[in-house]
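Open the model in your viewer and keep the selection box handy. We will go from stop to stop, and at each one you will hear what to select and what is there.

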Amino acid sequence: MKKNYILAKWLNNELSDMELAEFQASPDFEKYNKIKKHSSHLEVDEIDENKILGKILQHKKATPKIIPMYRKWIVRVAAIFILGLSITFVMKNFVPQTQTAEFGKTTTFSLPDNSEVVLNSGSEIEYKKWKWNANREIELEGEAYFKVAKGSRFEVKTNLGTVAVLGTQFNVKARKNRLDITCYEGRVKVNYEDTQLILTQGQNVIFENGIQTNTSINALKPEWIDHQIAFNKENISNLLDEVQRQYNIIIELHSKDTNALFTGKLPTNNLDVALQIIGTTYNLEVKKAAKNKIIFEQK
Amino acid sequence: MSNKNRSTTCDEIIFSSFFKNHFKSLRNYLYYKFGDRDQAEDLAQDAFIKLWQNCASVPIEKAKSYVYTIANNSSLNQIAHQKVVLRYAKNFGGSDKTNENPEYILEEKQFQSNLLKAIEELNEKQRVTFLMHRIDGKKYSEIAIELEISVKTVEKRIHLALLTLRKQIDL
């Protein structure tokens with residue numbers, strides 16, 4: 001039940017007429033009314049307010065603490081700086097690092113253990129700095145040459161297979177359906193689907209659509225490092241793909257008689273020469289349709 | 001530039017008018033509570049001195065609860081409670097002019113002194129609330145804000161105070 005403090009309401013003149021009439025009829029009403037009447041004439045001693053006010057105003061105001069602007073400013077700058085640092089730290093160590101080589105360019109960089117990587121054009125590498133020494137793992141898309149510092153296991157993962165090595169130099173080339181690995185020094189272990197094999201110095205293996213081809217090479221490092229690409233019994237569409245990637249151009253082929261396989265080297269720093277070589281080999285005419293577009297036509 | 005943000009409480013005219021509006025009722029409140037007039041005045045004065053000293057950090061709309069809080073906090077240490085001594089206004093005879101027979105006047109005097117005694121006997125909470133209403137003429141809502149209680153609680157205290165007073169006077 002909601003309490004109704006009828007006396008309080010009455011003292012404050014809040015009663016309704018009916019409630020008031022009822023209350024007035026009660027035997028105690030007279031006494032309450034007397035209390036009300038007399039208590040309204042109570043008072044306390046007066047005070048000399050002006051004197052007190054005067055006394056109060058004599059007190060000095062406390063000077064509010066003014067924080068100089070420069071200090072606020074510095075704190076803000078410091079906070080932003082620290083935040084920036086921590087984000088950078090997190091990014092550097094926990095977020096995968098990505099290195100890319102655009103079409104027509106190669107990129108050279110070092111890994112945390114000083115292993116050297118040369119990325120061929122149109123390739124990308126992702127790795128994590130966090131616990132690098134315990135887990136030297138790299139994800140590769142495209143082609144790269146590795147000169148691995150001696151140390152623990154080093155792994156290169158591609159979408160086709162994994163290459164695991166100890167201090168060595170080797171080249172990994174992962175294209176659509178083709179994984180091409182060459183070992184220039186030391187030993188590498190290649191995992192392709194269910195196949196596992198070990199390459200030693202001067203050995204090369206190509207897996208294309210599940211077919212394994214082993215060859216041997218004499219070069220000490222990949223040709224593309226010296227601005228050349230070597231092809232070994234390559235069909236023309238793979239050949240042109242590679243040229244497009246190296247020079248960042250578009251090539252159209254208007255010819256049907258292109259079944260011949262190409263073996264040889266093409267420069268990667270001289271487009272005219274490269275095109276000329278292809279033209280001569282396949283008996284095609286080279287036409288520059290636009291700055292970045294080449295058309296091969298049957299002569 | 002920092003003067004722009006300075007609280008208006010620091011303005012002497014505004015502070016003075018705030019003082020005039022609230023000093024007496026704060027002092028009275030403390031008096032109802034402790035029954036010591038000098039102590040009440042000192043506590044109230046100290047609270048206003050603190051407000052004046054810290055005027056820059058207390059906006060005028062917060063000043064009232066500021067002085068009440070200060071006064072309440074510093075009064076926690078003041079243990080000596082005394083009886084509240086009240087008196088009736090001088091021009092209040094307590095009697096109807098039409099009825100001047102000595103017996104009636106005597107009865108009225110008796111009632112008045114009984115009432116004062118009964119108020120003195122009230123417990124602190126009821127006394128403070130009752131007197132804030134009767135002497136300072138405050139609304140229940142104002143009392144509620146100053147004592148930091150609900151209006152319902154004010155009503156309850158007033159109600160109980162009246163009940164107690166009537167019983168005391170009847171004795």
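**Stop 1: a helix from each chain**

This is a predicted model. Begin by selecting residues 49-58 of chain A, which form helix α4, and residues 12-34 of chain B, which form helix α1: these two pack at an angle of about 130°, with their axes 11 Å apart. That angle makes α4(A) oblique to α1(B). The crossing of the pair is right-handed.

Now show the side chains. Which residues of α4(A) meet α1(B)? They are A:Glu49, A:Ile52, A:Leu53 and A:Leu57, and across from them in α1(B) you will find B:Glu12, B:Ser16, B:Phe19, B:Lys20, B:Phe23 and B:Lys24. Colour this contact by residue class and you get five nonpolar, one polar and four charged residues. A handy thing to remember while you look: an α-helix has 3.6 residues a turn, so residues three or four places apart point the same way.

**Stop 2: the whole contact between the chains**

Widen the view to everything that joins chain A and chain B. How many residues does each chain give to the contact? Chain A gives 29 and chain B gives 43. On the chain A side, α1 (6-11), α3, β1 and α4 each supply at least two residues. The largest share of that side, six residues, comes from α3(A). By class, the chain A side has 16 nonpolar, six polar and seven charged residues.

Next, zoom in on β1(A) and on residues 87-88 of chain B, which are strand β1(B): the two strands pair in the antiparallel sense over two bridges. Click A:Leu42 and look across to B:Tyr88 in β1(B), which stands opposite.

**Stop 3: a covered helix in chain B**

Select residues 124-134 of chain B. This is helix α5, and nine of its 11 residues are buried. Among them are B:Val128, B:Phe130, B:Leu131 and B:Met132, along with B:Arg127 and B:Arg134. What do the buried residues of α5(B) pack against? From chain A, the partners are α3 (29-39) and β1 (42-43); from chain B, they are α1, α4 (102-121), α6 (140-147) and α7 (151-170).

**Stop 4: one leucine in chain A**

Move to A:Leu179, which sits in strand β10 (residues 178-185) of chain A. Is A:Leu179 buried or exposed? It has 23 C-beta neighbours inside 10 Å, so A:Leu179 counts as buried. Beyond its neighbours within four places in sequence, A:Leu179 is in contact with A:Thr158, A:Leu160, A:Gly161, A:Ala174, A:Tyr192 and A:Phe207. Try a distance label too: A:Leu179 and A:Val205 are 26 residues apart in sequence and 8.1 Å apart in space, C-alpha to C-alpha.

**Stop 5: a sheet with a helix across it**

Stay in chain A and select the three strands that form an open sheet, in the order β16-β19-β18, with mixed pairing. The edge strands are β16 (250-254) and β18 (284-290), and each pairs on one side only. From one strand to the next, the twist averages 20°. Six bridges join β18(A) to β19 (residues 293-298) of chain A, and these two strands run antiparallel. Here A:Lys287 stands opposite A:Ile295 in β19(A). Finally, add residues 271-282 of chain A: this is helix α7, which lies across β18 and β19 and runs at about 140° to β18(A).

**Last stop: all of chain A**

Zoom out to chain A, which has seven helices and 19 strands. Of its 299 residues, 24% are buried.

Technical notes: Residues are numbered from 1 along each chain as its sequence is written. Chains are lettered from A and ligands numbered from 1 in the order in which they are written. This is a predicted model: local features need pLDDT of at least 70, side-chain atom pairs count only at pLDDT 80 or more; totals for chains, interfaces and linings use all residues. Helices (H or I, at least four residues) and strands (E, at least two) are DSSP runs, numbered from the N terminus. A residue is buried if 20 or more other C-beta atoms lie within 10 Å of its own, exposed if 12 or fewer, and partly exposed in between; C-beta atoms are placed from the backbone. Axes are lines fitted to C-alpha atoms, for helices over the stretch in contact, and angles run from 0 to 180 degrees between N-to-C directions. Angles under 35 degrees count as roughly parallel, over 145 as roughly antiparallel, 65 to 115 as roughly perpendicular and the rest as oblique. A crossing is left-handed if the near helix is turned anticlockwise from the far one by less than a right angle, and right-handed if clockwise. Two residues are in contact if their C-beta atoms, placed from the backbone, lie within 7 Å. Ala, Val, Leu, Ile, Met, Phe, Trp, Tyr, Cys and Pro count as nonpolar, Asp, Glu, Lys and Arg as charged, and the others, Gly among them, as polar. Two strands pair if DSSP finds at least two bridges between them.
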